[in-house]
Amino acid sequence: MSEKKKKSSILANTLVLVLVTFVAVLALAVVNQVTRGPIEQAEIDARAEVYAAVYPNAQGFAEIENSEALIEGSAELLTSAGYDGCFVNDALAVTDASGNTEGYVIAATSPSGYGGNVQIAIGVKDGKLTGFDVVSQSETAGIGSKITEDGFKSQFAGKPATTLESTKSGATEENQIDAISGATISTGAAIDAVNAAIAFYQANFGGGLQAEEEVDPLQKAFPDADLNALTPVEVTNGEINENCTVNEVHQAGDMGYIVVATAHNGYDGDLQIALGIGNDGTIKGFSTVVCNETKTLGGQCTSDEFAQQFVGMTLKEVTHVPSGATPENNQIDAIAGATITTDAVLTGVNGAIEYYNSNIQKGE
């Protein structure tokens, strides 16, 4: 075969190959376009199966526009909201029979479980939760794993899509969830993940979380005191010991005093408390002024339920027990999983009591 014919043959074969390739790519593009919608919907349906329990009677589920970007950008949002370490895993729109969005399903994870990550899912419609379920967890069987049981899960349906909290004394407020006995850490992790999902929902679809009204820590420490009538008292001998310093003292008229003390032995640095002491020799209230403890663990010392334990105690040393404390014996329940924080709180409380007994009561 002549050189000319060889070149002609190679060119022809090349053109055929290019043409076949072009047709194949075109066909693949057409097939991809035809199948893309069904494949994406199949993926959505597979995810929706996991979430069906948290949004009963949902007519359908759909992808949220820019959901990946919203989820990726939520880290800073959750950190600023106090859920550092939590993250959003997934979000889907829930559609009605006409295909219109009527609600949302959001999955989020807290890293603070007793056994590690706790991933949950919630449904939200018209500013209320439609349900809650646990997607994955590694909590202790028969204890923390009870977050997967209906008795715990059923509490969430109908709750407002706002910050929730746990309680060990029986839920009385609409934003409270009964904690699982003996599983405070698991309960806290589940609720933190729920609150992270709620924060994501509110930031992107619900108009933002309503800012909680902040109460002055001094008011919490002495609820009946008139803060406008407080009189500062000079602090003398404020160094109680190497772990405690009294910073401020305020006289609340003829009702008593508020002593502010800092404990230097917190798990994450200094922990400052305020203690209200009545002229009848009893504690009127307790509050945390500065707390850097882990939110789901030591951070529980900021809760009203924890603070209430001190009310009515006499001015002697306060101790803690693992559970079953009695206020009449000046005992409080230790925060589960946060003994160091509990000890720091008592360092501040007992320092405030010692200062009052040594410098105020004796001077009256």
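This is a short walk through the structure, stop by stop, with something to select at each one.

**Before you click**

You are looking at a predicted model, in which local features need pLDDT of at least 70 and side-chain atom pairs count only at pLDDT 80 or more, while totals for chains, interfaces and linings use all residues. Residues are numbered from 1 along each chain as its sequence is written, and side-chain values use heavy atoms, with hydrogens and water left out.

**The whole protein**

Start with everything on screen in cartoon view. The protein has 8 helices and 15 strands; these are DSSP runs numbered from the N terminus, with helices being H or I of at least four residues and strands being E of at least two. Switch to a surface view, and about 18800 Å² is exposed, 50% of it supplied by carbon and sulfur atoms. That area comes from the Shrake-Rupley method with a 1.4 Å probe, and for residues only the protein chains shown count as cover.

Of the 364 residues, 41% are buried. Here "buried" means under 20% relative accessible area, "exposed" means over 50%, and "partly exposed" is in between (1.4 Å probe, protein chains only). As for contacts (heavy atoms within 4.5 Å), take those between residues at least 6 apart in sequence: 52% of them join residues at least 24 apart.

**Stop 1: D90**

Select D90, in strand β2, which covers residues 87–95. Is D90 buried or exposed? It counts as buried, because its relative accessibility is 11%. Now show what surrounds it: beyond residues up to four places away in sequence, D90 touches R47, Y51, I71, V105, I106 and A107. Try a distance label on I106, which is 16 residues from D90 along the chain, with 5.8 Å between their C-alpha atoms.

**Stop 2: the salt bridges**

Next, show the charged side chains. A salt bridge here is a side-chain nitrogen of Lys or Arg within 4 Å of a carboxyl oxygen of Asp or Glu, and the model has 4 by this rule.

Pick E102 and K125, whose side chains form one of them at 4.0 Å, N to O. This pair links distant parts of the chain: E102 is in strand β3 (residues 101–113) and K125 is in strand β4 (residues 116–125), 23 residues apart. E102 counts as partly exposed because its relative accessible area is 24%. K125 is partly exposed too, at 34%.

Then move to D133 and K153, which meet in a salt bridge at 3.0 Å, N to O. D133 lies in strand β5 (residues 128–136) and K153 in helix α4 (residues 150–153), so the pair ties together parts 20 residues apart in sequence. Both D133 and K153 are buried.

Keep K153 selected and add D150. Their side chains also form a salt bridge, at 4.0 Å, N to O. Both residues lie in helix α4, 3 residues apart, or about one turn of the helix. K153 has a relative accessibility of 16% and so counts as buried, whereas D150, at 58%, counts as exposed. Which residues are linked in a network of salt bridges here? They are D133, D150 and K153.

**Stop 3: two asparagines**

Select N237 and N330. Phi of N237 is near 55 degrees, a positive value in a residue other than glycine, and phi of N330 is also positive, near 55 degrees. N237 is in the loop between β8 (231–233) and β9 (239–241), while N330 is in the loop between β14 (319–321) and β15 (331–333). N237 counts as exposed because its relative accessibility is 62%. N330 is buried, with a relative accessible area of 0%.

**Stop 4: T294**

Go to the loop between β13 (283–290) and α7 (304–308), where you will find T294. T294 is partly exposed, with a relative accessible area of 33%. What does T294 contact, leaving aside its neighbours within four places in sequence? The answer is D268 and G299. Add Y83 to the selection as well: T294 and Y83 are 211 residues apart in sequence, and their C-alpha atoms are 9.7 Å apart in space.

**Last stop: E165**

Finish at E165, in strand β6 (residues 165–167). E165 counts as partly exposed because its relative accessibility is 37%.
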